[in-house]
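The exercises below are to be worked with the sequence and the model at hand. Each task is followed by a solution in steps.

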Amino acid sequence: MSRRQMVGYFEEESAVLHALRICRERGLETLDVVSPFPIHGLDEALGIRRTRLPWLTLAGGLAGLALGLAAQYWSSASDWPLDVGGKPFDSFPAFVPVAFELTILGAGLCTVFGLLGRIGLHPWRRVGPTRPRTSDDRIAIVLAQHDARVEPREMRQVMLECGAVEVVEEELP
Amino acid sequence: MVSSTPPLIAHDTRPRDVTRDVCSPLERKPKALWWLGLLVAGSALLLGVVCVAYQIRVGIGTWGLDRTVGWGFDITNFVFWVGIGHAGTLISAVLLLFRQKWRTSINRSAEAMTIFAVICAGLFPVIHMGRPWLAFWVFPYPNGRGPLWVNFRSALLWDVFAIGTYFTISLLFWYVGLIPDLATVRDRARGWRRKVYGWLSLGWTGTARSWSRYEVACALLAALATPLVVSVHSVVSSDFATSVIPGWHANVFPPYFVIGAVFSGFGMVLTLMLVARKVMGYERYITHSHILAMCKVLVFTGSIVGLAYATELFTAWYSGSAYEQFTFANRMRGPMGWAYGIMVGCNVVVPQLLWLSRVRHSVLAVFVISLLVNVGMWFERFVIIVGSLERDFLPSSWTSYVPTPVELGTLIGSFGLFFTLFLLFCRYLPMISMSEVKTVLAPEHGGAHSHGDHA
C-alpha cells in the first residue's frame with residue numbers, strides 16, 4: 001500500500017463540514033482534520049467515539065474523597081486522638097472542607113493528566129514539520145490515498161469544489 | 001448571533017489577524033512602556049523582598065501587632081489577594097458553563113491574574129508564621145513527634161487545603177487552556193524559541209480527536225472549579241466565622257466573602273484589562289461590550305456586598321448582644337470610622353454610578369471606579385480584621401493598631417510581585433486565548449458560528 005495522503009486546506013469552517021459530507025458520499029476515507037480551533041460537529045462526521053474521560057474524573061474525585069475522610073479519621077480519632085476544645089475525635093462535620101478540597105483535587109488531577117495521557121501530550125513529544133497555518137487560520141482535511149493513480153485527481157477535484165484554498169499531496173516517510 | 005447585538009470582536013477581524021495581533025508582542029522587542037512598568041513593579045518587588053528578609057531575620061516584632069491585635073496587615077493582605085483571584089476563576093469557569101462568549105477575550109489574563117494573586121496571598125500566612133522555614137509543619141506528614149498530626153478541626157488548616165487545591169487546579173486549568181496557543185506560537189517561531197515553545201506546548205497538533213477530548217476536559221475542569229471557588233473563600237471566611245470575636249462570628253460570612261471576592265476580583269480585572277488594551281493595543285479584542293459586561297457584574301456584586309453590610313448591621317442590632325452592637329457602633333463611629341466610610345463609599349456607593357450610561361461608556365470613569373473598588377475591598381478586610389480586634393472585651397486591653405514601615409513595604413512588595421509576574425506573562429505568553437477568540441469571530445470570516453452551507 002502506498003504511503004501517501006491528500007491534504008486539503010480550508011479557511012471556512014462550514015466548508016469543512018460540507019467537504020467531509022461530500023467525501024463520505026464519494027467513499028473517500030477521511031483520516032483526520034487538523035484545525036486551529038475546535039469545530040463542532042466533527043465527532044459525528046469522523047466517527048470519533050465519546051470520551052470516557054468523565055469516568056476518570058469521577059474515579060479521581062471518589063479517590064480524593066475516600067483518602068480525605070480516611071486520613072482525617074485515622075489521624076484524628078485512631079492514631080493519636082487529641083482533645084481539641086472537647087470536640088469529639090471523629091468530628092466528621094469538621095472534616096468536610098478538607099475532604100471536599102481533596103475530592104476536587106483528585107478529580108482535577110485525573111482530568112488533566114488523563115487528557116494529556118490519552119492524547120499523548122508530553123514535553124518531549126516530537127512534532128515534525130506541522131502543516132502550514134493549521135495552528136493559525138487554516139483547517140486541513142487529511143484524506144487516505146489507497147490508489148496512487150486514480151484517486152488523487154478525484155480527491156483534488158472534490159476538495160476544490162468544496163472550497164479548498166489549497167490541496168497538497170503528502171508522501172509519508 | 002451577531003445580527004442584532006454588536007459583535008464582541010471588531011467585525012472585520014479574521015483568524016489570521018488574531019494570530020498576528022496576539023503573537024506579535026511576543027516576537028518583537030518590548031515597548032519602552034513595558035520596560036518602565038517592569039522597572040516600577042520590579043522596584044516594588046525588591047522593596048518587598050528587603051522588608052520580608054528583614055522581618056524574617058528580626059522576627060514579626062517588626063510589625064505593629066500586639067497582644068490585642070494579633071492579625072493586621074498580613075491577614076488583611078492575604079484575604080485581599082485571595083479575593084482578587086476569584087474573578088479569574090469565575091470568568092474562566094462559571095462563564096464557560098453559562099456559555100458567555102464575551103469571556104474569551106479576557107479569560108486568559110484573568111486566569112493568570114488568579115494564579116499570581118494566589119501566589120501573593122500564599123506568602124502572607126507563611127511570613128506571618130515568623131519561622132517560615134518550618135512552614136511545612138502545616139501539612140500532615142509522618143513526623144518524629146509521635147507522629148503528631150495536624151488539627152483537622154481548625155479553619156486555618158482547611159485554608160491550607162483550600163488554597164493549595166485552588167492554586168493547583170487554577171494552574172492546571174490555565175495551562176490546559178494555553179496548550180493550543182503555545183502550539184501556535186511554536187509554529188511561528190524559529191531556533192531556540194521554537195524549541196522552548198515546543199516543550200511548553202507538549203506536542204499539540206490540533207487533530208480532531210485531541211480537540212474533542214480537550215473540550216470535554218475543559219468543561220470538566222470548569223465544573224470542578226466552580227464549586228471550588230465558592231468553597232475557597234467560604235473556608236477563608238471560616239477563619240473568622242468559627243471564632244468568638246464579635247464582628248467575626250457571623251453566619252453571613254461565607255456568602256458575604258465569596259461575593260466580595262468576586263466583586264474585588266472584577267475590579268482588578270477591569271483595572272488590568274483597561275491598561276492592557278491600551279498598552280498592548282488590544283482595543284479590537286477587549287471592546288466596549290466587554291467593559292459594559294464587566295460593569296454590570298460590578299454593579300450586581302457591589303449591590304450584594306452592600307446587602308451583606310446591611311445584613312451584618314441588622315444581625316448585630318437584632319442579636320440583642322451588647323458586645324455585638326458595640327462592635328458595629330464602634331466600627332462605624334469609633335476611631336476606625338474613616339476606614340468604614342472608605343469601605344462603604346468605594347464598594348457600595350461608587351459602583352452605583354455605573355447605572356449611568358455616560359459613566360459606563362467613559363473608559364476613564366470605569367478605570368477610576370475599578371481602582372476605587374480595589375481600595376474599598378482592601379479596606380473591607382482591614383475594617384473586619386483590625387476594627388474588630390482593636391476593641392477587646394476588656395477596655396483595659398484596647399489598643400490602636402498602626403502598621404510599621406516594614407508592613408507597608410511588604411504590602412507594596414506584594415503588588416510589585418503581582419505586577420512583575422503579570423508583565424512577564426504579557427511578554428512571554430499569549431495574553432488572549434487565540435483558539436477561543438477565533439470561534440467567536442463574525443461568520444463571514446471563518447468563525448465557528450458560520451453555520452449553513454454556503455460553500
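**Exercise 1.** Does H288(B) count as buried, partly exposed or exposed, and with how many C-beta neighbours inside 10 Å?

*Solution.* The model is a predicted one. Step 1: locate the residue; H288(B) belongs to helix α9 of chain B, which covers residues 288-319. Step 2: count the neighbours; 14 C-beta neighbours lie inside 10 Å of H288(B), and the residue therefore counts as partly exposed. The cut-offs behind this step are 20 or more for buried and 12 or fewer for exposed. Step 3: look along the chain; H288(B) and L8(B) are 280 residues apart in sequence, yet 8.2 Å separates their C-alpha atoms.

**Exercise 2.** Determine how α9(B) is oriented relative to α11(B), and list the residues through which the two helices meet.

*Solution.* Step 1: take the geometry of the axes; those of α9(B) and α11(B), the latter covering residues 337-349, come within 8 Å and cross at roughly 140°. Step 2: classify the angle; α9(B) is therefore oblique to α11(B), since only an angle over 145 degrees would count as roughly antiparallel. Step 3: list the contacts; from α9(B), G302(B), V305(B), G306(B) and Y309(B) meet V344(B), N347(B) and V348(B) of α11(B). Step 4: sort these residues by class; the contact has 4 nonpolar and 3 polar residues, and no charged ones.

**Exercise 3.** Describe helix α4(B) by its span, its burial and the residue that follows it.

*Solution.* Step 1: compare the spans; at 1.5 Å a residue the 22 residues of α4(B) should span 32 Å, and the end C-alpha atoms are 32 Å apart, so expectation and model agree. Step 2: assess burial; because 18 of its 22 residues are buried, α4(B) is largely enclosed by the rest of the structure. Step 3: inspect what follows; G130(B) comes after α4(B) and has a positive phi, near 85°.

**Exercise 4.** Helix α8(B) packs against α4(B) and against α13(B); give the angle and the handedness of each crossing.

*Solution.* Step 1: treat α4(B), residues 107-128, with α8(B), residues 253-279; their axes come within 11 Å and cross at roughly 125°. The pair is therefore oblique, and its crossing is right-handed. Step 2: identify the contacts; S109(B), A110(B) and M113(B) of α4(B) meet M268(B), V269(B), L272(B), M273(B) and A276(B) of α8(B). By class, this contact has 7 nonpolar residues, 1 polar residue and no charged residues.

Step 3: treat α8(B) with α13(B), residues 363-390; these axes come within 8 Å and cross at roughly 140°. This pair is therefore oblique, and its crossing is left-handed. Step 4: identify the contacts; the α8(B) residues include G260(B), F263(B), G267(B) and M268(B), and the α13(B) residues include V363(B), F367(B), N374(B) and E380(B). The contact of α8(B) with α13(B) divides into 10 nonpolar, 6 polar and 1 charged residue.

**Exercise 5.** Place S231(B) in the structure: is it buried or exposed, and which residues does it touch?

*Solution.* Step 1: S231(B) lies in helix α7(B), residues 208-241. Step 2: with 22 C-beta neighbours inside 10 Å, S231(B) counts as buried. Step 3: not counting residues up to four places away in sequence, S231(B) touches F100(A), E101(A) and A162(B). Step 4: S231(B) and E380(B), 149 residues apart in sequence, are 20 Å apart from C-alpha to C-alpha.

**Exercise 6.** Characterise the side of chain A that touches chain B.

*Solution.* Step 1: count the residues; 61 residues of chain A are in contact with 57 residues of chain B. Step 2: name the elements that give two or more residues on the chain A side: α1, β2, α2, α3 and α4 of chain A. Of these, α4(A) gives the most, with 16 residues. Step 3: sort by class; this side has 32 nonpolar, 17 polar and 12 charged residues.

**Exercise 7.** Examine α1(A): which of its residues are buried, and against which elements do they pack?

*Solution.* Step 1: the 13 residues of α1(A) should span 18 Å at 1.5 Å a residue, and its end C-alpha atoms, 19 Å apart, agree with this. Step 2: the buried residues are E13(A), S14(A), A15(A), V16(A), L17(A), A19(A), L20(A) and C23(A). Step 3: these residues pack against β1, β2, α2, β3 and α5 of chain A. Step 4: after α1(A) comes G27(A), with a positive phi, near 80°.

Definitions and conventions: Residues are numbered from 1 along each chain as its sequence is written. Chains are lettered from A and ligands numbered from 1 in the order in which they are written. This is a predicted model: local features need pLDDT of at least 70, side-chain atom pairs count only at pLDDT 80 or more; totals for chains, interfaces and linings use all residues. Axes are lines fitted to C-alpha atoms, for helices over the stretch in contact, and angles run from 0 to 180 degrees between N-to-C directions. Helices (H or I, at least four residues) and strands (E, at least two) are DSSP runs, numbered from the N terminus. Angles under 35 degrees count as roughly parallel, over 145 as roughly antiparallel, 65 to 115 as roughly perpendicular and the rest as oblique. A crossing is left-handed if the near helix is turned anticlockwise from the far one by less than a right angle, and right-handed if clockwise. Two residues are in contact if their C-beta atoms, placed from the backbone, lie within 7 Å. Ala, Val, Leu, Ile, Met, Phe, Trp, Tyr, Cys and Pro count as nonpolar, Asp, Glu, Lys and Arg as charged, and the others, Gly among them, as polar. The expected span of a helix is 1.5 Å times one less than its number of residues.
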